[in-house]
Protein chains: 2
Amino acid sequence: MNNLQRSAQTKKSIMEAATSLFARDGFESTGVAEICEQAGVSKGAFYYHFESKEAVFLSLIDTWLNTLEITLNDVTYQAKSVPEGLLEMAGMMQPIFENNQYFMGLFLELWTHANRNEKVRQATVAPYRRFEETFTRLIKRGIEEGTLENVEPEIAGQLLLSLSSGFFLQASLENDKGNWGKKLQESIEILLNGMKRRN
Amino acid sequence: MNNLQRSAQTKKSIMEAATSLFARDGFESTGVAEICEQAGVSKGAFYYHFESKEAVFLSLIDTWLNTLEITLNDVTYQAKSVPEGLLEMAGMMQPIFENNQYFMGLFLELWTHANRNEKVRQATVAPYRRFEETFTRLIKRGIEEGTLENVEPEIAGQLLLSLSSGFFLQASLENDKGNWGKKLQESIEILLNGMKRRN
DNA sequence: CAAAACATAACGACCGGTCGGTATTTGGAG
DNA sequence: CTCCAAATACCGACCGGTCGTTATGTTTTG
């Protein structure tokens, strides 16, 4: 393996280990030594690639939010009609609710630190704004295509984002992660009912 | 001052200091020594009244959630009609958004630890369930009084709770805390529009 | 051989919790 | 009311351990 591949592999190992540990135990409760052990590297390698523990956190926030954003955009673009797209999106969240053990932990960790650490806040706000804009565009599209009416796109976009976030919060409390996708769908149906054109 | 008053005062000082510090810096990043300093008591006094740092956290979760519950119940009982009550409630959250510096931090701290610590989870789930029931009852009342229709009370209750939580999350990200009460009101109007009886 | 990539040990700061001792209050006996 | 011992409330130095970070040395690559 050449230096480039070796470097990349080490960095990847560290970030994966950090992701799972931050998600499970939180940033403060996770030690650098612990990360190194799980990644199978030494502290020397760790501090060769990252200048601090915080730097790892910021780095994985970045990649994680990017992945989220790409996924979100994919779904919204492929939808036939806006109401269908929203319901489909809600259904797609079910696997996240039940399978992805990391998601909730990281989600909360990210938010907590965004509220305390200015760097984290900045790294979080920007993508979050884009999420909001994506939702807002979706609503505008719905109005244009005639499936929605009588709503302020900005308000409805924010409403959708808040609802999604709130559902993640609520689902994280429950041990039984089943059926949350379905519950979110039903909530969105009520919402759509408030925004839909009447025949 | 007699022993009872003295004891109560010390305990109160510790809990107030812990509340503000946990809210600002988080549970892990707040030292017992720091709490003691801000409370104006010694470590001896601290460990005389609480068996551990965690015990303080659990204790203040309890009092905080109780206060929240009482406030929530007050608002829902006093409302004339359900839609009016919901809108009024949303408006009442504005001061929380902008004034209460502690609320957001504690809210996030509570949720983060509920996801990791089983004791905290249990202390959180129970009141949260009651919040949900309160909302559900409110929806049922709306159906009975004829201002709402065509909704599953359980779904709508959960929807309202998720939306509120999501709004707190979103507002915590922003530096400008103004107008969030108004935004929540407009969101609830859309919601009500999806649940309201048509004339 | 030089540079990049990694390993190891050690450092200094800090943390939650303990413990022997001290000040204050209490309740009853004189 | 005074005295005093027991109970209560509090103090602060200290301990064992952990933490993030760094300095120095070693291996691997170009």
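# Helices, core, chain contact and DNA surfaces

Student: In this predicted model, is A:Ala123 buried or exposed?
Tutor: A residue counts as buried if 20 or more other C-beta atoms lie within 10 Å of its own. A:Ala123 has 20 other C-beta atoms within 10 Å, so A:Ala123 is buried.

Student: With which residues is A:Ala123 in contact, leaving aside its neighbours within four places in sequence?
Tutor: A:Ala123 sits in helix H7 of chain A. The C-alpha atom of A:Ala123 is 18 Å from that of A:Ala23, 100 residues away along the chain. Once neighbours within four places are set aside, the contacts of A:Ala123 are A:Leu58, A:Ile61 and A:Asp62.

Student: How many helices and strands are there in chain A?
Tutor: Along the sequence, the pattern of chain A reads α-α-α-α-α-α-α-α-α. The count for chain A is 9 helices and 0 strands.

Student: What percentage of the residues of chain A count as buried?
Tutor: The C-alpha trace of chain A spans about 65 × 35 × 35 Å along its principal axes. Among contacts in chain A with a separation of 6 or more, 68% join residues 24 or more positions apart. Chain A has 199 residues, and the buried share of them is 36%.

Student: Which residues have the most contacts inside the largest nonpolar core?
Tutor: In soluble globular proteins, nonpolar side chains tend to be buried together. Here the largest nonpolar core holds 95 residues. One of its most connected members, A:Ala18, is in contact with A:Ile35, A:Val56 and A:Leu60, leaving aside neighbours within four places in sequence. The residues with the most contacts inside the core are A:Ile14, A:Ala18, A:Ile35, B:Ile14, B:Ala18 and B:Ile35.

Student: What span is expected for helix H4 of chain B at 1.5 Å a residue?
Tutor: H4(B) covers residues 53-78, which is 26 residues. From its first C-alpha to its last, H4(B) reaches 39 Å. That is close to the expected span, 38 Å.

Student: Against which helices do the buried residues of H4(B) pack?
Tutor: The buried residues in H4(B) are B:Val56, B:Phe57 and B:Ile61. Their packing partners, in chain B, are H1, helix H6 (101-114) and helix H7 (118-145).

Student: What is the relation between chain A and chain B?
Tutor: A turn of 180° with a shift of 0.0 Å along the axis lays chain A on chain B with an RMSD of 0.1 Å. The relation is therefore that of a two-fold axis. The same surface serves both copies, with 98% of the contact residues of chain A recurring in chain B. In short, the relation is that of a two-fold axis.

Student: Which helix gives the most to the side of chain A that touches chain B?
Tutor: The contact draws 41 residues from chain A and 40 residues from chain B. On the side of chain A, the elements giving two or more residues are helix H6 (101-114), helix H7 (118-145), helix H8 (153-173) and helix H9 (180-195). By class, that side has 18 nonpolar, 16 polar and 7 charged residues. With 15 residues, the element that gives the most is H8(A).

Student: Which residues come nearest to DNA strand C?
Tutor: By class, the surface near DNA strand C has 7 nonpolar, 10 polar and 5 charged residues. Elements supplying at least two residues each are H1 (3-25) and H3 (43-49) of chain A, with H1 (3-25), H2 (32-39) and H3 (43-49) of chain B. Of the 22 residues around the strand, the nearest are A:Thr10, A:Ser42, A:Gly44, B:Asn2 and B:Gly31.

Student: Which element gives the most to the surface near DNA strand D?
Tutor: Around DNA strand D there are 23 residues, of which A:Asn2, A:Gly31, B:Thr10, B:Ser42 and B:Gly44 come nearest. Two or more residues come from each of H1, helix H2 (32-39) and H3 of chain A, and H1 and H3 of chain B. The residues divide into 7 nonpolar, 11 polar and 5 charged. With 5 residues, the element that gives the most is H3(B).

Student: What is the phi of A:Asn150?
Tutor: Most residues other than glycine have a negative phi. A:Asn150 lies in the loop between H7 and H8 of chain A, and A:Asn150 counts as exposed because it has 12 C-beta neighbours inside 10 Å. A:Asn150 is not a glycine, yet its phi is positive, at about 65°.

Student: Where is B:Asn150 found?
Tutor: B:Asn150 also has a positive phi, near 65°, in a residue other than glycine. B:Asn150 is exposed, with 12 other C-beta atoms within 10 Å. Its place is the loop between H7 and helix H8 (153-173) of chain B.

Notes: Residues are numbered from 1 along each chain as its sequence is written. Chains are lettered from A and ligands numbered from 1 in the order in which they are written. This is a predicted model: local features need pLDDT of at least 70, side-chain atom pairs count only at pLDDT 80 or more; totals for chains, interfaces and linings use all residues. A residue is near a molecule or strand if its C-beta atom, placed from the backbone, lies within 6 Å of it. Helices (H or I, at least four residues) and strands (E, at least two) are DSSP runs, numbered from the N terminus. Ala, Val, Leu, Ile, Met, Phe, Trp, Tyr, Cys and Pro count as nonpolar, Asp, Glu, Lys and Arg as charged, and the others, Gly among them, as polar. Copies are superposed by least squares on the C-alpha atoms of residues with pLDDT of at least 70 in both. Two residues are in contact if their C-beta atoms, placed from the backbone, lie within 7 Å. The expected span of a helix is 1.5 Å times one less than its number of residues. A nonpolar core is a set of buried Ala, Val, Leu, Ile, Met, Phe, Trp, Tyr and Cys residues joined through C-beta atoms within 7 Å.
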